[in-house]
Structures are given as C-alpha cells and as structure tokens.
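Work through the exercises below with the model open beside you. Each task is followed by its solution.

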Amino acid sequence: MSNTPPPPMSLLAELTHRCPLQCPYCSNPLQLDARTTELSTADWRRVIEQAAEMGVLQVHFSGGEPMARPDLPELVAHAVSLGLYTNLITSGILLNPKTLKALSDAGLDHVQLSFQDATPEQADYIGGMAGAQAKKLEAARLIVEDGLPLTLNFVIHRQNAERVPAMLQMAETLGARRVEIAHTQYYGWGLLNRDALLPSRTQLEETERAVAQARARFGTRIAIDFVTPDYYADQPKPCMGGWGQRFLNVSPSGKVLPCHAAESIPGLHFPSVQEETLAAIWQNSPLFTLYRGTDWMPEPCQSCAFKEQDWGGCRCQALALTGNASATDPVCERAPGHSVIQQAIANRPAVPPAFRYRRYGNAETA
Amino acid sequence: MSDTTATTPFSETTLLRFARGNRLQYDRVREQWFIQAPERAFIADPNAAEVLQLIDGKRTLGAITDKLHQKFNAPREVILRDTLRLTQELADKQVLTVV
C-alpha cells in the first residue's frame, strides 16, 4: 500500500524482559532481551514523546515486569503530561504501598493485574514462583483501595480451565471492574509448551458457559473480555487488528515491531528507535509495509470476503506452523495448512508434559 | 443486582462525573473527540462531546440540558432525551458514575 496509514492507537512499551515469574505461555519472544541491552530512561522519554506526537492515544507499560524498572513512575508521569492514557500491565509481585503510591501520584490511569489461577498452589506452580499468589492478592487489594480501576487477566489452558468460575468469582470479590479470560495463544513460549497447555474442546466449551453465566450475573458491574483459543475457531483472529494498522510495539532494546512476536520472523530488518523516529518507521519501514493491508495476501485470502476482517490472521502463527510467514494462517479452515491444527488437537497427550518454564536460556535446546 | 447506576433511571436531578480512569479527550491528530477508558479508546460523536464537556460532578443533567438548549436551536425535550440516553449508556459502560 502506498497510502499513508492512519496513526496507531496504542503503544505497547515493553520496558524489560526481566520478570520474577516464568509462566510457560509468556508472550515475550524465546530470545529474551538482556538487561544490558535495555533502552535508557532518556530513550523511553523520547519514544513516548514521538508516540504522542503521531497520534497514539494509549500507552501500555508492559514487560516482562515493568515495575522492575525504577524509572517507571517517571515514564508514566511523562506520558500523562503529554495527554496519553497510561495502563500498567503487571504481575503485581513488586507492588507494595510505596511503589503503588509513586505510580498513582504520577497519574496512572489503570492497572491490568495478571493471575495464573484461582488457587494458590496451582497459581504458584504455573508461574513458577512460590508465594506469588499471596503477593498478587495483596496487590489487588492495594489497587482497589487506591481507587484505580482494576482489570484481572487470566490466561487459560488445560491445567486451569476448570477453575474459570472461581476466577470470575475472584474478580467480583477483589472489586475488579474488568476481567480477561484469555485462552493461551500458541506461538513463542505457548507453542513450545502447547501439549502442556492446549485444552480439549469440552474444556473450551465449559469456559464459554462459565463466562456466559457470569455475564448474566454481573450485568454492567464487571465487564468480561473472553479470548478464544484460535485452534478451535474456523476463522483466524485479526491479529493486532491487522499488521501495522493499530498497534506499535517497542521491545526492551528498542526494536519497533507490529506485534510482540514479530522478531520470530527470519530475514527481516527490525528498525530501532535508536536510528529512526516512530513515525518514519510506522509509515515507511519495509517491516511495517510488508503485511499491511491486503496486497501481500496469497490465495485463498486474496479472493476471500473476510480479508479485511481477519487480515489473513497471525503472521507469526503462519510462520511457526507452516514455515512461511506469508502463508494464510492455518487456523483458517480454508487454509492449505489447516491440517496441522487438526493434528495438534488430535495428538494432545492424555497427560500434560512438564512445563518448559520461561527463563533466560530455557528455549535454546528447542 | 445491587448496582444503583444500572437499575435507577437517570433524571434531570442526576449528578454525574467521569469514573477514575475515564475521560473525554480531543485528539488533535485525528481531529475527533475520544472517550479514553481502561484498555480502549472510542470516538465520541460531536453531540456526545457537547454533553460530556459539561459533565463535571457539579452540574445536574437538567442543568446540562439547559446549557445545551441555550447554545443550540433544538427543543429542550429532545436534548434532555438524548442526554439521558447517552449518559445512561456511558454509566452502563462504567465511563460515568453517579456523584
């Protein structure tokens, strides 16, 4: 597409890949950025200014664990001063009255707090950290006490799906305004752990029923966002709302990406905030124009009526499952590669294998 | 349900403010008004923006209707009906809250 694209709505600012948890479905890439490669405070301030100038409305401070960066309150305050909406996506492990007050005073708008399960033993096992659940429950209490709107995020898989009703109950008990019941997406760490995570169709349907019942009970008090596992869908998800259409992702080392997994695609040059402005990268870089719009699409996408709804699905999933990032997402039932999805479901082991936890160096023997 | 904002219909005496983490914002790049809310931003059309700019936790919906009636050449009952409908919808979305 030669036309200038509309500006992005959101910036996902991945401040660090360091994290006290090691969830086996982490959305970070298998090759994690080391602390020594992280952008400086001055770099992030400049990125935030450029984002505001080009029309970004919301900044999502994420990681890894963004609270591992001592400059987080300064970056939040800077974003607030530029009129940006600020969202913190956190594990809550490092949240205490002092660190929360610094963020609240900086003008933070909203917190999304992750939970791994509803029961402490299971949650600590999935996150790979003893005592994590207790810290998270205390974090939720402090956030609600401060008056900040709180969203709980649960990533769902075969080892916690049966407790979705308890998770929804937790959201109500803790005073959350929103709750995300988000099934695992299978690329990166999630793909590495797919046999340990992929639910059965029956499990999926039970989670759908639990969400429908809770929606009826909550009414408008608590909003539920449900994300389906696309392996059981017949149409792919419109990944990131389309490549280079709505989202910008900046990695800890300053790479500018259309999604947080894009670095898995080989043979591409990933532009850096150290070399160019966000606006120049968004508008002109070969990376962002590569899969923007519909010109790049193969058949059956090219002649498909849904091509501007699902945008051909997820490029990283196409790569991971077919070896070709330009292929139709195999989740689509019309895709030539669709049988790999059916095989993955058919070959689910009866007993889930041990997790390959997300930590530095743990994907290297993959 | 115990949620009064969801079950009590709004009237001229209702007093509203933006819930924390929600605000009206003019986007200079797109030249449009947006409602900024947790994890999403959505467009406020020009009529909605006129109402929402007057919501400050001090003016009742009746007082807001009077101001808009003075500013625009439209029947007061039409403005009131639209204001009640808009604010109820946004209270259901937890953007606005009763003071």
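## Exercise 1: the sheet of chain B

**Task.** Find the turn residue with positive phi in the hairpin of strand 2 and strand 3 of chain B.

**Solution.** Strand 2 and strand 3 of chain B form a hairpin with four residues between them. In that turn, B:Glu31 has a positive phi of about 55 degrees. Helices and strands here are DSSP runs numbered from the N terminus (helices H or I, at least four residues; strands E, at least two).

This is a predicted model: local features need pLDDT of at least 70, side-chain atom pairs count only at pLDDT 80 or more, and totals for chains, interfaces and linings use all residues. Residues are numbered from 1 along each chain as its sequence is written, chains are lettered from A and ligands numbered from 1 in the order in which they are written, and side-chain values use heavy atoms, with hydrogens and water left out.

**Task.** State how many bridges join strand 2 to strand 3 of chain B, and name the bridge partner of B:Tyr26.

**Solution.** Five bridges join the two strands, which run antiparallel. Two strands pair if DSSP finds at least two bridges between them. The partner of B:Tyr26 is B:Trp33, in strand 3 of chain B.

**Task.** Do the same for strand 3 and strand 4 of chain B, then describe their turn.

**Solution.** Again take the bridges, then the turn.

- Five bridges join strand 3 to strand 4 of chain B, in antiparallel direction.
- B:Ile35 stands opposite B:Phe42 in strand 4 of chain B.
- B:Gln36 stands opposite B:Ala41 in strand 4 of chain B.
- The two strands form a hairpin with two residues between them. B:Glu39 sits in the turn, with a positive phi of about 65 degrees.

In a regular strand the side chains alternate between the two faces of the sheet.

**Task.** Give the strand order of the sheet in chain B.

**Solution.** The order is 2-3-4, in an open sheet of three strands with antiparallel pairing. Strand 2 and strand 4 of chain B are the edges, each pairing on one side only. Neighbouring strands are turned by 35 degrees against each other on average, direction ignored.

## Exercise 2: the contact with chain A

**Task.** Count the residues that each chain brings to the contact.

**Solution.** Chain B gives 19 residues and chain A gives 33 residues. Contact means heavy atoms within 4.5 Å.

**Task.** Give the buried area and name the residues of chain B that lose the most.

**Solution.** About 2,100 Å² is buried between the chains, with carbon and sulfur atoms giving 45%. Buried area is the accessible area (1.4 Å probe) that two parts lose on being put together, summed over both. In chain B, B:Arg20, B:Glu39 and B:Gln94 lose the most area to chain A, together 34% of what that side buries. B:Glu39 is also the positive-phi residue of the turn between strand 3 and strand 4 of chain B.

**Task.** Count the salt bridges and the polar contacts between the chains.

**Solution.** Start with charge. There are two salt bridges between chain B and chain A. A salt bridge is a side-chain nitrogen of Lys or Arg within 4 Å of a carboxyl oxygen of Asp or Glu. One of them pairs B:Arg23 with A:Asp109, the closest N and O atoms being 3.1 Å apart.

Next, 18 residue pairs are in polar contact across the interface, both residues at pLDDT 80 or more. A polar contact is a pair of N or O atoms within 3.5 Å; within protein, one must be able to donate a hydrogen and the other to accept it, and residues adjacent in sequence count only if both atoms are side-chain atoms.

Strand 2 (23-27), strand 3 (32-37) and strand 4 (40-44) of chain B each supply at least two residues of the side that touches chain A.

## Exercise 3: chain A

**Task.** Write down the strand order of the nine-strand sheet in chain A.

**Solution.** The order is 7-6-5-4-3-2-1-8-9, an open sheet with mixed pairing. Strand 7 (223-227) and strand 9 (256-257) of chain A are its edges. Inside the order, strand 3 (residues 85-90) and strand 4 (residues 110-115) of chain A run parallel, joined by four bridges. A:Thr90 stands opposite A:Leu113 in strand 4 of chain A.

**Task.** Locate the cis peptide bond between A:Gly63 and A:Gly64.

**Solution.** Its omega is about 10 degrees. A:Gly64 lies in the loop between strand 2 (58-62) and helix 2 (72-81) of chain A.

Key
Axes are lines fitted to C-alpha atoms, for helices over the stretch in contact, and angles run from 0 to 180 degrees between N-to-C directions.
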